[in-house]
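Notebook open, coordinates loaded. I want to go through this one from the overall picture down to single residues.

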Amino acid sequence: MAAAVSASVRSVRITWCRGNEDAARLGAGTNACSASYLASFFSTALKEAGLTDVVSDFADDDPVVRDAVYEPAAASATLTLRTVAEATSCLALDKIELDGAELRLSRPEGYVPPTASLKTELRRARLLGSTVVAPDADA
């Protein structure tokens with residue numbers, strides 16, 4: 001299985017709502033926002049909302065967000081989560097507020113849900129997962 005395919009089905013795109021002064025400030029990177037800050041914020045938000053994987057044996061201190069790429073000039077970021085199910089569950093946090101700015105969550109452009117054969121490979125690699133929002137990673 002190609003690593004890029006695995007990462008793409010575990011990714012979520014974040015954009016700051018336009019027309020909001022806080023969004024412009026946050027998107028311009030003029031506050032403490034960073035990739036690590038976003039990763040920590042969403043890992044905590046998912047855990048507190050009970051949207052993390054219920055079948056894997058991840059440690060309590062294991063970060064849910066595996067990678068975050070912050071693009072301040074575009075007022076956006078991309079998160080890669082531990083499992084497909086957690087990425088799907090993260091979408092339930094759409095319109096969450098961060099430092100006074102509303103965030104929009106969506107799949108990255110060109111997202112294609114995993115096929116049955118890819119799900120089998122992801123399950124074997126312990127990357128499919130299962131959450132209350134996405135049982136057996138219904139993505």
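My entries below go from confidence and layout to the cores, one helix and a few single residues.

**Confidence.** I started with how far to trust the thing, as this is a predicted model. The chain averages a pLDDT of 81, and 81% of the residues score at least 70. I then looked for the weak stretch and landed on residues 27-31, where pLDDT stays under 50. For that stretch the model has 11 contacts beyond four places in sequence.

**Layout.** I counted secondary structure next and got five helices and five strands. Reading from the N terminus, I wrote down the order α-β-α-α-β-β-α-β-β-α. How much of the chain is buried? I get 45% of the 139 residues. The exposed surface comes to about 6,800 Å², with carbon and sulfur atoms supplying 52% of it. I also checked how far apart in sequence the contacts reach: of those between residues at least 6 apart, 70% join residues at least 24 apart.

**Main core.** Which residues touch the most other members of the largest nonpolar core? I find Trp16, Leu38, Phe42 and Leu81, in a core of 26 residues. I listed the elements that give two or more residues to this core: strands E1 (11-16), E2 (65-71), E3 (76-81) and E5 (101-106), plus helices H3 (35-48) and H4 (84-90). H3 gives the largest share, five residues.

I followed Phe42 outward, skipping residues up to four places away in sequence. Phe42 touches Ile14, Val65, Leu79, Cys90, Leu93, Ile96, Leu103 and Leu105. Apart from this core I noted another, of six residues, with Val9, Leu118, Leu122 and Leu127 among them.

**Ser43.** I stopped at Ser43, which also sits in helix H3. Buried or exposed? Ser43 is buried, at a relative accessible area of 7%. Leaving aside neighbours within four places, I see Ser43 in contact with Pro63, Val64 and Val65.

**Helix H5.** I went through H5 (116-124) and marked Leu118, Lys119 and Leu122 as buried. Why do I say they line one face of the helix? Looking down the axis of H5, I find its buried residues within an arc of 100°, so they line one face. As a reminder to myself, an α-helix has 3.6 residues a turn, so residues three or four places apart point the same way. On the other side of H5, I have Ala116 and Arg124 as exposed.

**Positive phi.** Most residues other than glycine have a negative phi, so I went looking for exceptions. Where does Arg126 sit? I place it in the segment after helix H5. Its phi is near 60°, positive in a residue other than glycine. Arg126 is partly exposed, with a relative accessible area of 44%.

Lys95 went on the list too, with phi near 75°, again a positive value in a residue other than glycine. I traced Lys95 to the loop between H4 and strand E4 (97-98). Lys95 is partly exposed, and I noted a relative accessible area of 45%.

**To keep in mind.** I'm flagging residues 27-31 for caution, given pLDDT under 50 there. For the core, my bookmark stays on H3 and its five residues.

Definitions and conventions: Residues numbered from 1 in each chain as written. Predicted model: local features only at pLDDT ≥ 70, side-chain atom pairs only at ≥ 80, totals over all residues. Heavy atoms only, no water. Core = buried A, V, L, I, M, F, W, Y, C linked by side-chain atoms within 4.5 Å. Buried < 20%, exposed > 50% of the residue type's maximum accessible area, 1.4 Å probe, protein only. Helix = DSSP H or I, 4+ residues; strand = E, 2+ residues; numbered from the N terminus. Contact = heavy atoms within 4.5 Å. pLDDT = per-residue confidence, 0-100. Areas by Shrake-Rupley, 256 points an atom, 1.4 Å probe, with all protein chains shown as cover. Arc of directions from axis to C-beta.
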